[in-house]
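Visitor: I would like a close look at one buried position in this protein, and then at the surroundings into which it is built. Please take me through it step by step.

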Amino acid sequence: MTNPGQVSVVIPAYNEENTIRELLERIYAVSPHFEIIVSCDGSTDKTAELAESSGGIVLKHPYNIGNGAAVKSGALRASRHYIVFMDADLQHQPEDIPKLLVHLPQYDMAIASRTKHSGTHMHRNIGNIILIKVAEIISGYKIDDLTSGFRAVKRDIFLKFIHLYPLQYSYPTTSTLAFLSAGHFVKYVPMPEITKRMHGHSNIKPFRDGLRFINIIIRVIMMFNPQKLFTPVSIVLFLTGISFSVYQLAYIGGIRSSSIILLLSAVMFFFNGFLAEQLAQLRRDINK
């Protein structure tokens with residue numbers, strides 16, 4: 001396993017007083033040398049006090065901003081070479097941290113992926129599968145779990161993309177796609193031990209956040225490989241325009257404006273893809 005003295009554990013937390021003390025005790029039982037940072041995102045209960053009394057470094061947001069904001073604050077505060085991110089509600093088992101760290105530094109990110117044996121909600125599993133399929137089609141990579149918040153990363157690489165991570169949900173989606181699209185190595189580690197939330201309630205709304213996740217997927221692909229979107233659209237428009245043209249020539253005796261518009265749109269999408277590719281490259285160079 002990676003030297004525990006090189007590891008920070010970042011825990012975004014919002015009103016998790018029922019679990020935070022047990023979580024920190026179990027993390028320290030794995031290794032007392034971990035740096036534990038609890039990023040308390042505007043909690044109104046005793047989460048911050050209990051985390052401090054349990055030996056954690058506590059960051060306090062004056063009011064709730066979002067899970068992504070808490071993760072970003074924690075990552076910036078972390079002082080170690082590697083960071084483990086995990087939820088504060090005991091969905092993720094601290095005893096599994098070594099299963100992720102064993103894959104660093106060979107990989108740049110190790111993700112605890114849920115399996116069919118994980119005790120998660122059925123609607124979440126279905127939603128996760130749909131998002132994964134969308135992400136795989138757009139990104140061109142095999143993805144085992146897109147939204148798992150239990151992961152280990154190299155801090156320097158994670159911070160390279162911090163400007164992309166949303167303040168709310170979902171930093172896991174964004175960071176996974178950013179790492180893959182930039183050519184970094186990602187390892188998926190099956191974790192049937194992941195369970196559903198035992199206390200409190202989740203702030204994720206399946207429909208609202210599902211649309212937000214898809215928007216994140218498209219935004220990240222536009223950042224790293226926009227032609228993955230523009231080229232397929234241009235091909236579909238071109239083939240549709242050709243099909244309409246052939247039909248109109250055969251049955252109407254001439255090509256109508258609808259076919260011309262489709263063909264011109266195909267050309268515009270194709271060349272806009274090249275332009276977007278150049279702009280994306282310039283943006284990545286500026287942010288290096």
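Guide: In this predicted model, the place to begin is Thr174, which is buried because its relative accessible area is 0%, where the cut-off for a buried residue is under 20%. Thr174 is found in helix 7, and, leaving aside neighbours within four places in sequence, it is in contact with Leu164, Tyr165, Pro166, Ile216 and Val220.

Helix 7 (171–181) is also one of the elements that supply at least two residues each to the largest nonpolar core. That core has 39 residues, and those with the most contacts inside it are Phe85, Ile143, Leu146, Phe158, Phe161, Phe179 and Ile217. Besides helix 7, the elements that each supply at least two residues of this core are helix 3 (67–77), strand 4 (82–85), strand 5 (109–113), helix 5 (122–139), helix 6 (155–160), strand 7 (186–190) and helix 8 (206–224). Helix 8 gives the most to this core, with 7 residues. Leu146 shows how such a residue is surrounded: not counting residues up to four places away in sequence, Leu146 touches Asn128, Leu131, Ile132, Ala135, Arg151, Pro172, Thr173, Thr176, Leu177 and Ile217. Apart from this core lies another, of 32 residues, among them Met86, Leu100, Leu104 and Met191.

The strands named above belong to the wider fold, in which an open sheet of 7 strands has the order 3-2-1-4-6-5-7, with mixed pairing. Its edge strands are strand 3 (57–61) and strand 7, each of which pairs on one side only, and neighbouring strands of the sheet are turned by 20° against each other on average, direction ignored. Strand 5 and strand 7 run parallel and are joined by 5 bridges, and Ile111 stands opposite Tyr188 in strand 7. Helix 3 lies across strand 1 (7–13), strand 2 (35–41), strand 3 and strand 4, and runs at about 145° to strand 2.

Charged pairs complete the picture, and the structure holds 8 salt bridges. Side chains of opposite charge can pair when their charged atoms come close. In helix 5, Lys133 and Glu136 lie 3 residues apart, about one turn of the helix, and their side chains meet in a salt bridge (3.7 Å, N to O); Lys133 is partly exposed at 48% relative accessibility, whereas Glu136 is buried at 16%. Another such pair is Glu22 and Arg26, whose side chains meet in a salt bridge (3.2 Å, N to O). Because Glu22 and Arg26 are 4 residues apart in helix 1 (residues 20–30), they are separated by about one helical turn. Glu22 is partly exposed, with a relative accessible area of 37%, while Arg26 counts as buried at 19% relative accessibility; together with Glu95 they are linked in a network of salt bridges. Lys99 forms a salt bridge with Asp96, with the closest N and O atoms 3.1 Å apart, and here Lys99 is partly exposed at 35% relative accessibility, whereas Asp96 is buried at 5%.

To set Thr174 against the whole protein, buried residues make up 49% of the 288 residues, and the secondary structure comes to 10 helices and 7 strands. Among contacts between residues at least 6 apart in sequence, 75% join residues at least 24 apart.

Notes
Residues numbered from 1 in each chain as written. Predicted model: local features only at pLDDT ≥ 70, side-chain atom pairs only at ≥ 80, totals over all residues. Heavy atoms only, no water. Core = buried A, V, L, I, M, F, W, Y, C linked by side-chain atoms within 4.5 Å. Buried < 20%, exposed > 50% of the residue type's maximum accessible area, 1.4 Å probe, protein only. Contact = heavy atoms within 4.5 Å. Pairing = 2+ DSSP bridges. Axes fitted to C-alpha atoms, helices over the stretch in contact; angles between N-to-C directions. Salt bridge = Lys/Arg side-chain N within 4 Å of Asp/Glu carboxyl O.
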